[in-house]
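Trainee: I would like to go through this model and ask how each label is earned.
Mentor: Go ahead.

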Amino acid sequence: MIILVTGANGQLGREMRRLAAASRNEYIFADVVEAEGLETTLLDITDAQAVRRLVADRRVDVIVNCAAYTNVDAAETNMEQAEQLNATAPRLLAEVMYETGGLLIHVSTDYVFGGGDQKTPYDERDTTAPTSVYGLTKLRGERAIAGSRCRYVIIRTAWLYSEFGRNFLLTMRSLTAQRDSLQVVFDQVGTPTYALDLARAIAAVMDDYAEWLQQAGSSREAYPRGGIYHYTNEGVCSWFDFAYAIAQASGNTTCRIQPCLSSQFPSPVTRPAYSVLNKSKIRETFRLHIPHWTESLAECIASIEKTK
C-alpha cells in the first residue's frame, strides 16, 4: 500500500517514520514545513486541490492524519486556525478518500469529553461534551469525517508523549533536573500514551485494512471495522503521578515534586478532570497488546538515553 502521513514532523509522525523503516508499504511523509534531516513532502492539508493532486499522482491508498492544532490554551483566541486544522482539513481529507475509495485514519482526542462527574472510563458511545475550542474543533473534525461516507478509522488518544518535539515527558525531565522542587496537579486523571505505541496500533489497523482490501478488491463497500476507537496505554494516574515516575526513571531524584490543585494554575481552558479511555474495542477488534503506561515510559526513556 501507499500511505500518506500528514503532520509527519510532529511526535506521532516521527514515530510513524520509525515504523516505516521496517515496513513493506511505501510511505509519503508530508508537513507544512521541512525539518532538518527528515525527508518531507510539503503539503498544506487545508488546500483541497493540493491534497487531491498528491493523492492522485502518488496513488495513495491510506492517509494517516497526524496533523492538528494542539495548543489547547492558544486555541481559545486562535479559533479560526484551530477550526481550519482540526475540522476543515479532516473534512477535506475525508472527501478525497471518498473520491478515491481509500482509507482515512484520523487521530482525535479525549478533549471531546468534558470530564464532569465521570467515574468510569469513557467508551466510544459515551456522550461528547467538549469544554474548550480545541475539543470542540476536534469533535467537528470527527463528525465531518463520519458524515463524508469515506472509509475511516478515528482513534481518540490522550496525554501523548515521545522523545520528539515538546511534551510533558521532556518538560518534566528538564525541570526535575534543574529545580529543587516542583508543583504538579493531582486532580486531573488520565493515562499517558507513548506515541510509538499509538503508531504501532495504527500500523495494526493498516495491516488489517490491507488484508480486507485484498478480499474486497475494487468494491466500494465500507471497511467493516471502520469507526471510532479509543487508544491510550493501560493504567490510570494523575499528572503528579506521571511527573514523579518520569523523575524517578530519569534519575532526577533530588527534585521534590509536590501535588497541587488545578486551581493553582489558572488557565483559559477547563481541562478534563477525568479522561480515562476504555480501550476494549480497539484491543479486541485488532487483537492488540496494549502496554501499561509504566512499561512504555521505561521504553521511551531508555530510547532517549540510548541516543544521547
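Trainee: Is Cys 150 buried or exposed, and what value decides that?
Mentor: This is a predicted model, and the values are computed from it. Cys 150 has a relative accessible area of 7%. Buried means under 20%, so Cys 150 is called buried.

Trainee: How do you know whether the sulfur of Cys 150 is bonded to the closest cysteine sulfur?
Mentor: The closest cysteine sulfur is in Cys 66, 16 Å away. A disulfide needs sulfur atoms within 2.5 Å, so that distance is too far for a bond.

Trainee: What about Cys 300 and the closest cysteine sulfur?
Mentor: That sulfur belongs to Cys 237 and lies 14 Å from the sulfur of Cys 300, again too far for a bond. Cys 300 is buried, with a relative accessible area of 0%.

Trainee: How many disulfides does a search of the whole structure find?
Mentor: Zero.

Trainee: Turning to charged side chains, what makes Arg 18 and Glu 15 a salt bridge?
Mentor: The distance from N to O is 2.8 Å. The cut-off is 4 Å, so the pair counts as a salt bridge. In general, side chains of opposite charge can pair when their charged atoms come close.

Trainee: Where do Arg 18 and Glu 15 sit relative to each other?
Mentor: Both are in helix 1 (residues 11–20), three residues apart, so about one helical turn separates them.

Trainee: Why is Arg 18 called partly exposed, and is Glu 15 buried or exposed?
Mentor: Arg 18 has 35% relative accessibility. Partly exposed runs between 20% and 50%, so the label fits Arg 18. Glu 15 is at 0% and counts as buried.

Trainee: How close are the N and O atoms of Arg 173 and Glu 305?
Mentor: The closest N and O atoms are 3.2 Å apart, and the pair forms a salt bridge. Arg 173 lies in helix 6 (residues 168–178) and Glu 305 in helix 10 (residues 293–306), so the bridge ties together parts that are 132 residues apart in sequence. Arg 173 counts as buried at 13% relative accessibility, whereas Glu 305 is partly exposed at 33%.

Trainee: Which parts of the chain does the pair Glu 234 and Arg 283 link?
Mentor: Glu 234 forms a salt bridge with Arg 283, with the closest N and O atoms 2.6 Å apart. Glu 234 is in the loop between strand 11 (227–230) and strand 12 (237–238), and Arg 283 is in helix 9 (residues 280–285), 49 residues apart. Arg 283 is partly exposed, at 27% relative accessible area.

Trainee: How many salt bridges does the structure hold?
Mentor: It holds 15.

Trainee: Now the helices. Why is helix 4 called roughly parallel to helix 5?
Mentor: The axes of helix 4 (residues 79–100) and helix 5 (residues 133–146) come within 8 Å and cross at roughly 15°. Angles under 35 degrees count as roughly parallel, so helix 4 is roughly parallel to helix 5. Their crossing is right-handed. Among the residues making the contact are Ala 82 and Asn 86 of helix 4 and Thr 137 and Gly 141 of helix 5.

Trainee: What makes helix 8 and helix 10 oblique to each other?
Mentor: Helix 8 (residues 239–250) and helix 10 pack at about 40°, with axes 10 Å apart. Roughly parallel stops at 35 degrees and roughly perpendicular starts at 65, so the pair is oblique. The contact includes Phe 242 and Ala 245 of helix 8 and Trp 293 and Leu 297 of helix 10.

Conventions
Residues are numbered from 1 along each chain as its sequence is written. This is a predicted model: local features need pLDDT of at least 70, side-chain atom pairs count only at pLDDT 80 or more; totals for chains, interfaces and linings use all residues. Side-chain values use heavy atoms; hydrogens and water are left out. Helices (H or I, at least four residues) and strands (E, at least two) are DSSP runs, numbered from the N terminus. Buried means under 20% relative accessible area, exposed over 50%, partly exposed in between (1.4 Å probe, protein chains only). Axes are lines fitted to C-alpha atoms, for helices over the stretch in contact, and angles run from 0 to 180 degrees between N-to-C directions. Angles under 35 degrees count as roughly parallel, over 145 as roughly antiparallel, 65 to 115 as roughly perpendicular and the rest as oblique. A crossing is left-handed if the near helix is turned anticlockwise from the far one by less than a right angle, and right-handed if clockwise. Contact means heavy atoms within 4.5 Å.
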